[in-house]
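Trainee: I should like to request a close look at a single part of this structure. Please describe the strand arrangement in one chain, and then relate it to the rest of the assembly.

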Amino acid sequence: MTTVAPSDMTDQQAPPDRLVVDVKIAGGNVTPTNAQLEASVNEPIVFKVDSDAVDELHVHSNPEHSYEIEAKPGQSFQFTVAVPGKVDVELHDLNKTVATITVQ
Amino acid sequence: MNADGSVSVLAHGLGGSADLPIPFTYALIGAAWALTFTFAVVALAWKKPRFDPDKPGRELPPWVTAAVDAPATRWAVGVVGLALAVWVGLAAFLGPQNSDNPLPGVFYVLMWVGLVAASLLFGPVWRALSPVRTVHRLFGGKSLRNYPEALGYWPAALGLFAFVWLELASPDPGSLAAIRNWLLIYLVVTLAGAFVCGARWCARADPFEVYGIVVSRLSALRRNRDGRIAIGNPFDHLPSLPVRPGIVAVLSVLLGSTAFDSFSARPQWRTFIDETAGSATAATLINTTGLLVFAGVVAGTFWLAARATGGVDREQRRRLPGQMAHSLIPIVVGYVFAHYLTYLIERGQQTVYLLLGMDADVNYFLSLHPSVLATLKVGFVVAGHVAGVVAAHDRALRLLPTAHQLTGQLAMMLVMVGYTFTGLYLLFGG
């Protein structure tokens with residue numbers, strides 16, 4: 001019986017690559033703002049949103065995506081970006097940039 | 001906060017993603033080439049001026065000039081320009097009031113960047129296409145008085161600033177209402193100017209025509225003294241830029257605004273705006289100040305560098321910035337292409353499809369090949385820089401007294417290196 005040191009283990013069980021961004025909208029404030037994130041082309045990107053107000057999440061990729069945010073916790077929006085570039089994700093009504101994702 | 005018809009707040013009101021920053025090594029290699037070329041030109045290159053705007057180019061066959069200048073061609077092109085303007089106007093008011101409206105693309109891509117490409121390839125095309133000129137001619141081309149010569153290009157510099165202000169500093173650049181209002185004001189001012197001061201108003205005060213004239217000086221196509229269309233060395237063509245009051249301001253607005261475009265997209269600047277500005281008005285004020293500072297720094301450094309030479313009297317020194325202004329043209333053009341090439345090619349396709357009501361897929365070749373794109377961008381900036389340095393060197397040989405030809409160029413070369421390093425730094429993203 002041999003024991004396997006953690007460093008010898010393969011990472012076959014690592015979760016699939018995806019970028020998860022937690023967004024909180026409360027009282028007209030949003031966190032984060034202007035977050036600088038990185039992702040690869042076609043990698044799933046998930047925005048998990050807790051909000052107390054209705055808004056729209058705009059993803060300025062090619063082509064663009066737009067999601068309706070409701071006033072409730074635990075909403076989740078997933079998309080992928082196929083064309084490399086810097087993608088701004090903004091809240092339309094609050095007029096705030098949540099994050100800029102560098103996709104390459 | 002956003003007016004009706006708003007499409008998006010960011011990215012020049014066009015939506016979509018922005019270019020990836022260029023890799024650091026690309027910026028570094030570009031900077032090294034720019035620096036090497038500059039000193040090679042100043043220290044080792046020719047000592048007698050070589051470029052002469054009076055040197056005739058190689059004449060194209062006479063029928064080319066005859067065909068281009070035929071009244072029928074002029075009217076046909078003018079009517080096409082007018083028809084396009086009416087079509088875009090109809091689309092602006094009656095088309096879908098959302099991101100499917102072609103107006104922002106026509107305004108920010110075709111009129112701003114497409115104009116540069118067309119003027120570079122074919123010469124000052126806006127002169128022939130301008131809907132205002134065509135309307136003015138349809139009404140007999142009369143005028144009440146002459147254009148006040150003292151105004152020079154200042155009205156155009158103001159108009160160009162108004163354009164970049166809408167794009168980079170106004171609260172909502174993507175708002176269809178804002179673009180429509182801008183264009184209506186432009187049409188009213190330019191038409192009134194044309195009917196009061198004649199067609200010369202269009203040549204001096206229409207921002208798009210002056211932008212086109214400036215860029216066309218880098219074109220290989222030109223007219224000889226006798227009016228024949230010819231093809232020749234763009235370096236002979238550059239010094240034919242008319243030197244009028246406000247020409248340095250025109251070029252400074254173009255270069256400074258392009259730099260501010262990259263700068264204002266940086267996260268540090270956006271965070272600063274978010275934290276400092278309590279309202280959209282305050283954000284607009286800060287961005288307006290930023291835009292003015294960028295254009296002002298370009299104008300100030302260029303003005304000082306052009307005058308920083310010995311051996312000239314006061315009157316000569318006063319004229320130097322205008323006489324050197326043409327050497328900024330290649331830098332502006334290189335910079336515009338480095339920043340807006342993907343806009344021109346990818347958003348350009350999108351805009352044409354929207355305008356024609358076609359449902360075609362945009363080809364994203366450039367964005368999909370970031371290293372090709374980065375190489376092109378650095379190539380444009382460095383080529384523009386080298387051409388600017390060559391033009392400035394040659395002009396200095398013609399203008400400066402022999403004893404000051406080497407030292408008199410140094411300040412200008414350093415300023416140009418400064419523009420190029422800043423440009424590469426902004427493309428690299430800091």
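**A buried serine, a helix pair and an open sheet**

Mentor: Before turning to the sheet, consider a loop residue of the other chain. B:Ser327 lies in the loop of chain B that connects helix H15 (314-324) with helix H16 (329-356). The model is predicted. B:Ser327 counts as buried because 26 other C-beta atoms lie within 10 Å, where 20 or more are required. When residues up to four places away in sequence are left out, B:Ser327 touches B:Gly388, B:Ala391, B:Ala392 and B:Arg395. B:Ile179, by contrast, is 148 residues away from B:Ser327 along the chain, and the C-alpha atoms of the two are separated by 32 Å.

The helix that follows this loop, H16(B), packs against helix H12 (residues 247-264) of chain B at an angle of about 30°, the axes being 10 Å apart. H12(B) is therefore roughly parallel to H16(B), since angles under 35 degrees are classed in this way. The crossing of the two helices, H12(B) and H16(B), is left-handed. From H12(B), the contact draws on B:Leu251, B:Leu254, B:Leu255, B:Thr258, B:Asp261 and B:Ser262, and from H16(B) on B:Ile331, B:Val332, B:Tyr335, B:Val336 and B:His339. By residue class, this contact of H12(B) with H16(B) comprises seven nonpolar, three polar and one charged.

Now to the strand arrangement itself. Chain A has nine strands and zero helices, and 30% of its 104 residues count as buried. Among the contacts in chain A with a separation of 6 or more, 61% come from residues 24 or more positions apart.

Four strands of chain A form an open sheet with mixed pairing, in the order S2-S1-S4-S7. Strand S2 (29-31) and strand S7 (75-79) of chain A are at the edges with a single partner strand each, so one side of each has no neighbour in the sheet. From one strand to the next, the twist averages 20°.

Strand S4 (residues 45-51) of chain A deserves the closest attention. Its pairing with S7(A) is antiparallel and consists of five bridges. Within that pairing, A:Ile45 stands opposite A:Phe79, and A:Phe47 has A:Phe77 as its bridge partner in S7(A). Strand S1 (residues 19-26) of chain A, in turn, runs parallel to S4(A) and is joined to it by seven bridges; there A:Val20 stands opposite A:Val46.

The side chains of S4(A) can be read in the light of a general rule. In a regular strand, side chains alternate between the two faces of the sheet. Along S4(A), A:Ile45, A:Phe47, A:Val49 and A:Ser51 point to one face and are buried, whereas A:Val46, A:Lys48 and A:Asp50 point to the other and are not buried.

Finally, the two chains meet in a contact that takes 20 residues from chain A and 19 residues from chain B. On the side of chain B that touches chain A, helix H13 (267-276) and helix H17 (365-368) of chain B each supply at least two residues. H13(B) gives the most to that side, with four residues. The residues on the side of chain B that touches chain A divide into 10 nonpolar, six polar and three charged.

Definitions and conventions
Residues numbered from 1 in each chain as written. Chains lettered and ligands numbered in written order. Predicted model: local features only at pLDDT ≥ 70, side-chain atom pairs only at ≥ 80, totals over all residues. Buried ≥ 20, exposed ≤ 12 C-beta atoms within 10 Å, placed from the backbone. Contact = placed C-beta atoms within 7 Å. Pairing = 2+ DSSP bridges. Axes fitted to C-alpha atoms, helices over the stretch in contact; angles between N-to-C directions. Nonpolar A, V, L, I, M, F, W, Y, C, P; charged D, E, K, R; others polar. Parallel < 35°, antiparallel > 145°, perpendicular 65-115°, else oblique. Left-handed = near helix turned anticlockwise from the far one by under 90°.
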